Amino acid sequence: MKDSVLIAGGGVAALEAALALQDLAGDRAEVTICSPRPNFVYRPYAVGVPYGVSRVTTYWMEPLAAAAGARYRCDSIASVDRETRLAVTHDGESIPYGDLIVCPGTKLLWPVPGAITFWGIADEGDVGKVMREIRAGTSSRIAFTMPSADSWALPLYELALLCRAQLDKTGDDAELTIVTPEDAPLQIFGRGVSEGVAELLAERRIEVRTGTHPVRFEDGFLETVPAGRISFDWVVSLPKVEGRRIRGIPHDLEGFVQVDSHCKVLGGDRVYAAGDVTSFPVKQGGIATQQADVAAEAIAARLGADLTPAEFDPVLHGVLWTGTGSRYLQGWLSGGHGETSTISDTPPWGPDQGKIVGRYLTGFLAGAPV
C-alpha cells in the first residue's frame, strides 16, 4: 500500500520535496501538494524588475505538480492533528496523511516605518520611482537597508549594485549607501566572500555602514541603533519575515518551526518541515531545497528505499547580480569544512541555470513551461 505524503505549501521547498520523493521513493509514495496559490513565482528575479533588467517568471502549479509526480490541491492547511495524522483545510475539510512536510513559507511584514519596502514580487514600482527621481535630479542620497542580521541579505546588495550600474549607463549619479546590521558585507558566506564583496562595493562607489540597525525613516533622516541619524532622500528596505503558522505544528514566538538534523519537527511523529518556515536563520531558496531533500530522504528510507538518509549539512550558494555580470558565492554554514568561502566569475556548482541552486528543482524549472 502506498504511503500518502502531504506537502503543505507551494513554494521552492514543496516542489523540491515532491521531485525528491518522485526520484527516491518512486511508487512507494502518493504525494499531494496543498497550496492556496495556483501558481509558483520564481521570486529571485524580482530584484532586477525596478531596473528593467529582468522579469519574474510564473508557472502554473497544477502542471508543475503533475510533472513532479504529485497531485495539486488548491487549498490551505489551517491545522494538523498529529496523533490522528489528519490535516484540516481552512474550509474545514479533513485530509488524512501518512507523512507530512510543512513548508508554507513566511509572511512579509513592514520593516522600517517611512521607508520603501522591496517585497521581492513582480511589480516593484516604488523602487522604480526612486530611480526616476534620481534621473530627474530631485534625489541624490539613497540608502539600502534590512531589518536584521538574520535576513537573507543578498538582494540588498543587488539592489544597490544594479542601481549603480543603471546610473552609470545613463550618466546620472547618486550617493548610494548600504546600511546593514551585519558585521561585514554578506558575512553569512564567510570571510572570503565578504572581503570580495566589500572590494566590489568600493569599486562601484557604494558606501557600507555595518553593525547598524535601521529604526525609522522620518523627515529625511534614517534613525539607527546604535543611536544615530543619517540624512537620505530615500530609504529602501528588505522586509521583515515571520513564519506562517499552522495550528498543531509547534513554533516559536515568530512562527518558525524547530527541526532536527533530518528536518523532522521536534516532538512530531512523521512530520517534517523545510524552507523559510523553519527556525534555521538563513531564509534562502537553495537552503530550502537542501532541507526538502533531507526530509524526502528520511521518508523514502522509512518506506524501504535503499538509501541512508543524510543529515542537514547546509552549503550556501548565491548568485549576485552586479549589473556588469554575475558573481557566484559559496560557503558552508556548519563546521568541519575548513575555509570554504569563495567568490568567482563562474559557478563552482555546475552550469548556471538560475538563482536557486537545487538538486532537482534547478534543472526541472529550466525545462518547465511557463
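# Sheet, helix and enclosed space

Visitor: Start me off in β2. Which residue is the bridge partner of alanine 8 there?
Guide: Cysteine 34 of β2 is the bridge partner of alanine 8. Keep in mind that this is a predicted model.

Visitor: How many bridges join β1 and β2, and in which sense do they pair?
Guide: β1, residues 3-8, pairs with β2 over 6 bridges, in the parallel sense.

Visitor: And what order do the strands of that sheet have?
Guide: The order is β5-β2-β1-β9-β20, an open sheet of 5 strands with parallel pairing.

Visitor: Which are the edge strands?
Guide: β5 (70-74) and β20 (271-273), each of which pairs on one side only.

Visitor: By how much are neighbouring strands turned against each other?
Guide: On average by 20°, with direction ignored.

Visitor: Which strands does helix α1 touch?
Guide: α1, residues 12-24, packs on the sheet and touches β1, β2, β5 and β9 (99-102). The direction of α1 makes about 170° with that of β2.

Visitor: Changing topic to cavities. How many are there of 30 Å³ or more?
Guide: The count is 1 cavity at that cut-off. The largest cavity holds about 30 Å³ of space.

Visitor: What lines the largest cavity?
Guide: Its lining is made of Tyr51, Val127, Val130, Met131, Ile142, Phe144, Cys163 and Val236. By class, that lining has 8 nonpolar residues, no polar and no charged.

Visitor: Which element gives the most to that lining?
Guide: α3 does, with 3 residues. Both α3 (125-136) and β12 (141-145) supply at least two residues of the lining of the largest cavity.

Visitor: Now pockets. How much space lies in the second largest one?
Guide: About 280 Å³ lies in the second largest pocket. Two elements, β2 (29-35) and β6 (77-81), give two or more residues to its lining.

Visitor: Which lining residues lie nearest the centre of that pocket?
Guide: Ser76, Ile77, Pro104, Arg244 and Ile246, out of 18 residues that line the second largest pocket.

Visitor: How does that lining divide into nonpolar, polar and charged?
Guide: For the second largest pocket, the lining divides into 8 nonpolar, 5 polar and 5 charged residues.

Visitor: Back to β2, then. Where does it turn up?
Guide: In the sheet order, β2 stands between β5 and β1. Helix α1 touches β2, and β2 also gives two or more residues to the lining of the second largest pocket.

Methods. Residues are numbered from 1 along each chain as its sequence is written. This is a predicted model: local features need pLDDT of at least 70, side-chain atom pairs count only at pLDDT 80 or more; totals for chains, interfaces and linings use all residues. Side-chain values use heavy atoms; hydrogens and water are left out. On a 1 Å grid over the protein atoms alone, a cavity is a set of points where a 1.4 Å probe fits but cannot get out, and a pocket is an open set with protein on both sides within 12 Å along at least five of seven lines; lining residues have an atom within 4 Å of a point. Grid points are joined across faces, edges and corners, and a volume is the space filled by probe spheres set on the points. Helices (H or I, at least four residues) and strands (E, at least two) are DSSP runs, numbered from the N terminus. Ala, Val, Leu, Ile, Met, Phe, Trp, Tyr, Cys and Pro count as nonpolar, Asp, Glu, Lys and Arg as charged, and the others, Gly among them, as polar. Two strands pair if DSSP finds at least two bridges between them. Axes are lines fitted to C-alpha atoms, for helices over the stretch in contact, and angles run from 0 to 180 degrees between N-to-C directions. Contact means heavy atoms within 4.5 Å.
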